[in-house]
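Got the viewer open and a free hand for clicking? Let's walk through this one stop at a time, selecting as we go.

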Amino acid sequence: MRTVNTQEIADCVYSLARKAGLTLTDGCRTALERAADKETGAAKFALDTVLENEKIAQREKMPVCQDTGMAVVLLEIGQEVVLGGAPLSAAVNDGVRRAYEDGYFRKSICDPLTRVNTGDNTPAHLHVEIIAGDKINVTFLPKGFGSENMSRIYMLTPAEGREGIINAVVDTVKIAGARPCPPVYIGVGIGGAFDSCALLAKKALTREVGTHHSRADVAEIEKEALARVNELGIGAQGFGGTTTAIGVACEIAPTHIAGLPVAVNIQCHCVRLGKATL
């Protein structure tokens, strides 16, 4: 057994949040650069601008997007780990609170009815999974709501199958149009139940842009969905062109014989993510 004080988790969340707020992931940047090389006119201008924006953000230590997002924290905790110190959720929120204060990040979390802001971007949206071993994997995903608001869940029939999954992805992006600041990154959850399917889609967004699922049939869905989304012609920031999305990532889980849940979680062009292992 290994004992980990939750202060270590708080400090890790703090560091990941501070870095993620200032920069795009490597895969996202590469995808945007490739798209910019292919586009012309207003679409190219939009892509060149978002890439220049990131350079300025890193140089000036400023947020790469004004929507510094809801703090989504995913923890994979080894079953041989004993946690000591403050309660886990309190530690995670402490890391978020300090990061958003010290980084001058916008605080965006509020009561859903009164709309009163909590003032420190907490509570974080925390997901915990117990895994084998004595390590803790920490993932920090700042999720802006311009894209989150465009996400959808579909309770398909089994007969709709592969084509229904791809149609769900394409329809979601078509309905969203330019509102989620494309080119978008698309996380797709396939299977599970109503609630777990949405979490699968969120987890899919923590994969690096450009990677594919290890299952060949799932990877083919990713590739075809991406191709069909890019045929929509929405393009960078809605200016048209060939790049409406920079990637589609799917995660899959067993489901009931009577259903086929599909969740589509859209991420804007500003893919920010931090990962660490304690």
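## First stop: two packed helices

Select helix 6 (residues 161–176) and helix 8 (residues 216–230): they pack at an angle of about 40°, and their axes are 9 Å apart. A word on the terms: helices (H or I, at least four residues) and strands (E, at least two) are DSSP runs, numbered from the N terminus. Axes are lines fitted to C-alpha atoms, for helices over the stretch in contact, and angles run from 0 to 180 degrees between N-to-C directions. Helix 6 and helix 8 make a right-handed crossing; the label is right-handed if the near helix is turned clockwise from the far one by less than a right angle, and left-handed if anticlockwise. Now show side chains where the two touch, with contact meaning heavy atoms within 4.5 Å. On helix 6, the contact residues include Ile 165, Ile 166, Val 169, Val 170 and Val 173. Among those on helix 8 are Ile 221, Ala 225 and Val 229.

Before moving on, note that this is a predicted model, where local features need pLDDT of at least 70, side-chain atom pairs count only at pLDDT 80 or more, and totals for chains, interfaces and linings use all residues. Residues are numbered from 1 along each chain as its sequence is written, and side-chain values use heavy atoms, with hydrogens and water left out.

## Second stop: the 6-9-7-8 sheet

Next, pick out the open sheet of 4 strands in the order 6-9-7-8, which has mixed pairing. Two strands count as paired if DSSP finds at least two bridges between them. Strand 6 (152–156) and strand 8 (245–255) are at the edges, each with a single partner strand, so one side of each has no neighbour in the sheet. From one strand to the next, the twist averages 15°.

Zoom in on strand 7 (residues 184–192), which pairs with strand 8 in the parallel sense over 9 bridges. Click Val 184 and look across to strand 8: its bridge partner there is Ala 245. Then add helix 7 (residues 194–204), which lies across strand 6, strand 7, strand 8 and strand 9 (260–267) and runs at about 145° to strand 7.

Which residues form a nonpolar patch on the surface? Select Ile 153, Met 155 and Phe 194, which together have about 310 Å² of accessible area. Met 155 sits in strand 6. Areas like this come from the Shrake-Rupley method with a 1.4 Å probe, and for residues only the protein chains shown count as cover. A patch takes residues with over 30% relative accessible area and no salt bridge, joining like charges within 9 Å and nonpolar side chains (Val, Leu, Ile, Met, Phe, Trp, Tyr) within 5 Å.

## Third stop: the 4-2-5-10 sheet

Over to another open sheet of 4 strands, this one in the order 4-2-5-10 and again with mixed pairing. Strand 4 and strand 10 (274–277) stand at its edges with a single partner strand each, so one side of each is left without a neighbour in the sheet. Here the twist averages 10° from one strand to the next.

Highlight strand 2 (residues 70–78) and strand 5 (residues 136–143): they run antiparallel, joined by 8 bridges. Glu 76 is opposite Asn 137 in strand 5. Helix 4 packs on this sheet, touching strand 2, strand 4 and strand 5, and its direction makes about 140° with that of strand 2.

## Fourth stop: more helices

Keep helix 4 (88–102) on screen and add helix 1 (residues 6–20), whose axis comes within 8 Å of the helix 4 axis, crossing at roughly 35°. That crossing is right-handed.

Within helix 4, Arg 98 forms a salt bridge with Asp 94, the closest N and O atoms being 3.1 Å apart. (A salt bridge is a side-chain nitrogen of Lys or Arg within 4 Å of a carboxyl oxygen of Asp or Glu.) The two residues are 4 apart, about one turn of the helix. By this rule, the count comes to 19 salt bridges.

Now try helix 2 (residues 26–38) with helix 3 (residues 41–60): their axes come within 9 Å and cross at roughly 145°, and the crossing is left-handed.

## Last stop: backbone oddities

Most residues other than glycine have a negative phi, and most peptide bonds are trans. Select Thr 122 and Pro 123, joined by a cis peptide bond with omega about 5°. Pro 123 is in the loop between helix 4 and strand 4 (125–131). Arg 115 is also placed in the loop between helix 4 and strand 4, and its phi is positive, near 65°. Finish at Pro 182 and Pro 183, where the peptide bond is cis with omega near 10°; Pro 183 is in the loop between helix 6 and strand 7.
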